[in-house]
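Hi everyone, thanks for making time for this. I'd like to walk you through one structure, piece by piece, so let's put it up on the screen.

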Amino acid sequence: MFEHRSKSVLLLIVVLLLSLAGGVGAQARVVGVTLDDGPRGPDESYALFEQAGADAIEAPQSWAELEPARGRFRLADIESIVEGIAPTPSTQAMLIPAVIETGARSTPPDLRRVRWDDPRMVERYRMLIDRIARASTRQVTTLSIANEADVYFGAHPRELPAFLRFARAELAELRRRAPWVHAGVTVTSAGLAGAHPRIARALARLGTATIVTYYPLGDGYRPRPASAPLTDIPHLIDLAHGRPLVIQEAGYPSSPHLGSTPTAQATFVRDVFAAWDRDPAAIPFLSFYSLFDLPTGACAHRSDNDQAAFLCSLGLHDRAGRPKPAWAAFRMGAQHVTR
């Protein structure tokens, strides 16, 4: 859902992981939170992440960022992440070399008008997969090739058959190169469980895992009850049909403008963990969005807009860096998962 995450997040991840030490082996399930800079910079974010005991890293980059020009790859961030987590075997990473970012293609510029199943498209992304696989270790446990792709194909349904052919070919190649990775295409939970789920379910069946973003919204950007995870997550597990369910992002706004409160957001976080505990083996990777609300500059004079109120109140800390009740709920849940 979020295209504003910048390379500063990835650089912060690298700093964080290079600072961690120890580890006792990979966990059966891992939990994280999207790391963004707070008002006191990346050191504060690192300290909070470490204190919470989280052990899951989500590292999104578009294909266009990873290959800004034909044959010119920029994988330094991925290589640094892999190197950084090596001393901490319990830490796992999810890579998102996205060919789609929600409503838009994110291919290199020379491929923006090329059909998804064109041999040039297939071969170029296969080269990227090859580079990523060579740079990865078994601590890279999850990978999505497109983010919230059901939103894009809802607007471009005629492109779906060609994309399905493209995705099957690329995910088969990834499975050959890195068979331990849970891989697929990310869809929205609303699309997967909605009244007209044809596109989302076709995409979710690709690869070896069902990957979703989870924001329980009703009309517009107004959240459904904070207890929704207690019924939604079991339903998503059912829709995965025995495949691993990866919750790439889970989030809930705290804005009173949307009829929510910080207390409701904390209830949501607790109930995500409670639903997960009922079937822990079904969800190997879960990450919350995000550590902080967006900074004041990004949200000034926008609080009367539902979309802005949603995007600007998803943090577990407010924009001044003060913890919301949801942060204590996250810490308690993370320590329970990773102990």
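Let's begin with two helices, H11, which covers residues 262-278, and H14, which covers residues 325-338: their axes come within 7 Å and cross at roughly 15°. An angle under 35 degrees counts as roughly parallel, so that is the description H11 gets relative to H14. Please keep in mind throughout that this is a predicted model. The crossing of H11 past H14 is right-handed.

Who meets whom there? On the H11 side we have Pro262, Gln265, Ala266, Val269, Arg270, Phe273, Trp276 and Asp277, and on the H14 side Pro325, Ala326, Ala329, Phe330, Gly333, Ala334, His336 and Val337. Sorted by class, the residues of this contact come out as 11 nonpolar, 3 polar and 2 charged.

H14 has another helix partner to show you. Helix H2, residues 42-52, packs with H14 at an angle of about 50°, and the two axes are 8 Å apart. That angle makes H2 oblique to H14. From H2, the residues involved are Leu48, Gln51 and Ala52, and they meet Trp327, Phe330, Arg331, Ala334 and Gln335 of H14. The class count for this contact is 5 nonpolar, 2 polar and 1 charged.

Now, over to the sheet. In what order do its strands run? This open sheet has 5 strands, and reading across we get E1-E11-E10-E9-E8, with parallel pairing. Strand E1, at 30-33, and strand E8, at 186-188, each have a single partner strand, so each of these edge strands has one side without a neighbour in the sheet. From one strand to the next, the twist averages 25°.

Let's zoom in on E1. Its pairing with strand E11, residues 285-288, is parallel and runs over 4 bridges. To find your way along it, valine 30 has phenylalanine 285 of E11 as its bridge partner, and valine 33 has phenylalanine 288 of E11. Are the faces of E1 covered or open? Both are covered, with Val30 and Gly32 buried on one side and Val31 and Val33 buried on the other.

And here our helix from earlier comes back: H14 lies across E1 and E11, running at about 155° to E1. Elsewhere on the sheet, helix H10, residues 229-239, lies across strand E9 (210-214) and strand E10 (245-250), at about 160° to E9.

I'd like to finish with two loop residues. Leucine 35 sits in the loop between E1 and H2. Its relative accessibility is 3%, so leucine 35 counts as buried. Along the chain, leucine 35 and leucine 291 are 256 residues apart, yet their C-alpha atoms are separated by 5.7 Å.

The second one is proline 216, in the loop between E9 and H10. Proline 216 counts as buried because its relative accessibility is 2%. What does proline 216 touch, leaving out residues up to four places away in sequence? The list is Pro223, Arg224, Ala228, Asp232, Gly251, Tyr252 and Phe268. One more distance for this loop residue: the C-alpha atoms of proline 216 and alanine 226 are 8.3 Å apart, with these positions 10 residues apart along the chain.

That's my tour, and I'm happy to go back to any part of the picture.

Note on methods. Residues numbered from 1 in each chain as written. Predicted model: local features only at pLDDT ≥ 70, side-chain atom pairs only at ≥ 80, totals over all residues. Heavy atoms only, no water. Axes fitted to C-alpha atoms, helices over the stretch in contact; angles between N-to-C directions. Parallel < 35°, antiparallel > 145°, perpendicular 65-115°, else oblique. Left-handed = near helix turned anticlockwise from the far one by under 90°. Contact = heavy atoms within 4.5 Å. Nonpolar A, V, L, I, M, F, W, Y, C, P; charged D, E, K, R; others polar. Pairing = 2+ DSSP bridges. Buried < 20%, exposed > 50% of the residue type's maximum accessible area, 1.4 Å probe, protein only.
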